[in-house]
Amino acid sequence: MRMHWRYWLTTASLIVALVCWLVLLAFPPSAHAWGEQGHRISGLVAQELLTPQAKLRVKAIMGNLDLATASLFLDINKFSLSQKIPGSREWHYNDRPVCDDKVALAEYCPLGNCASTQIRRHYRALIDEHSSASERVFAIRALTHLVGDVHQPLHASDHDDRGGNDVPVAFTVKGKHRSVNLHAAWDTEFVRAAFDTLDERVIAKRLVQQFAAQIPGWQSGAGAAWLKESYALAQQDAYFKLPGFDCDKEAGAQRVDLPDEYVARAVEIIPEQLAKSGARIAYLLNRAFAK
């Protein structure tokens, strides 16, 4: 009897493991733009830059939920949202081919399921007087996340490699050797390396001070223009400086060793991109609630 019980327990465990494995195959993990730390920093920068009126309106809509927390909603709930809103998994990026900037938006944004289109959509929902309270909550969650996304260069470009997810890389940063994929390097590793503290509120305040002169100039335009900036960074720094990169070749499974100068340049880019994303989240919310 005891052996029988153990047999079924082992069998059940194997079935659970198999189901989990099949789910992972069906929904392969994709790196989140900026990872949790980067999104939260962008949200905290935005919080610092809200006008008094916008702060009151955001609080009335979101309650005690701050923009740093709101910015994580689309990633945390990516799977459940994809069941409710087909195509929402594609909202997080614009897969514009990095070697062909002439490709039309309609080709890499089918049915409007890409970041630039969804930023416009959710901004319109936020300012629409007929939107429900829950629609406005969702609009703020979407805007704080997607504006952050478009400032990660590998969410503005692609080389048939899922924005670098299919490119294994290795590099040394702050004396530690890391082996991840290219997308995760930009999402998380370079963000961690860019700051000397883990206190995200301190980082956000420093960014607001560091880029105070540039912030007013950043607060204009819309998602398409911001993506164009990130696309240029993807070309100049994220892709074209990869050792062995070739526009005529697909990304392979062979590991790419990133030179120290590549890593240094990426780490240099990160603070400005996070500051820009936070400034532009604030810009949209300030404009939405100006009246």
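Visitor: What do buried, exposed and partly exposed stand for here?
Guide: Buried means under 20% relative accessible area, exposed over 50% and partly exposed in between, with a 1.4 Å probe and protein chains only. This is a predicted model, where local features need pLDDT of at least 70, side-chain atom pairs count only at pLDDT 80 or more, and totals for chains, interfaces and linings use all residues. Residues are numbered from 1 along each chain as its sequence is written, and side-chain values use heavy atoms, leaving out hydrogens and water.

Visitor: How many salt bridges does the structure hold?
Guide: Here a salt bridge is a side-chain nitrogen of Lys or Arg within 4 Å of a carboxyl oxygen of Asp or Glu. By that rule, the count is 16.

Visitor: Is D237, the partner of R265, buried or exposed?
Guide: R265 and D237 meet through their side chains in a salt bridge of 3.1 Å, N to O. That pair links distant parts of the chain, 28 residues apart: R265 sits in helix α14 (residues 260-288) and D237 in helix α13 (residues 223-239), helices being DSSP runs of H or I with at least four residues, numbered from the N terminus. R265 has 28% relative accessibility, so it counts as partly exposed. D237 has just 3%, so it counts as buried.

Visitor: Which residue does D196 meet in a salt bridge?
Guide: D196 is exposed, at 66% relative accessible area. Its partner counts as partly exposed because its relative accessibility is 42%. The N to O distance is 2.7 Å, and the partner is R206.

Terms used. Helices (H or I, at least four residues) and strands (E, at least two) are DSSP runs, numbered from the N terminus.
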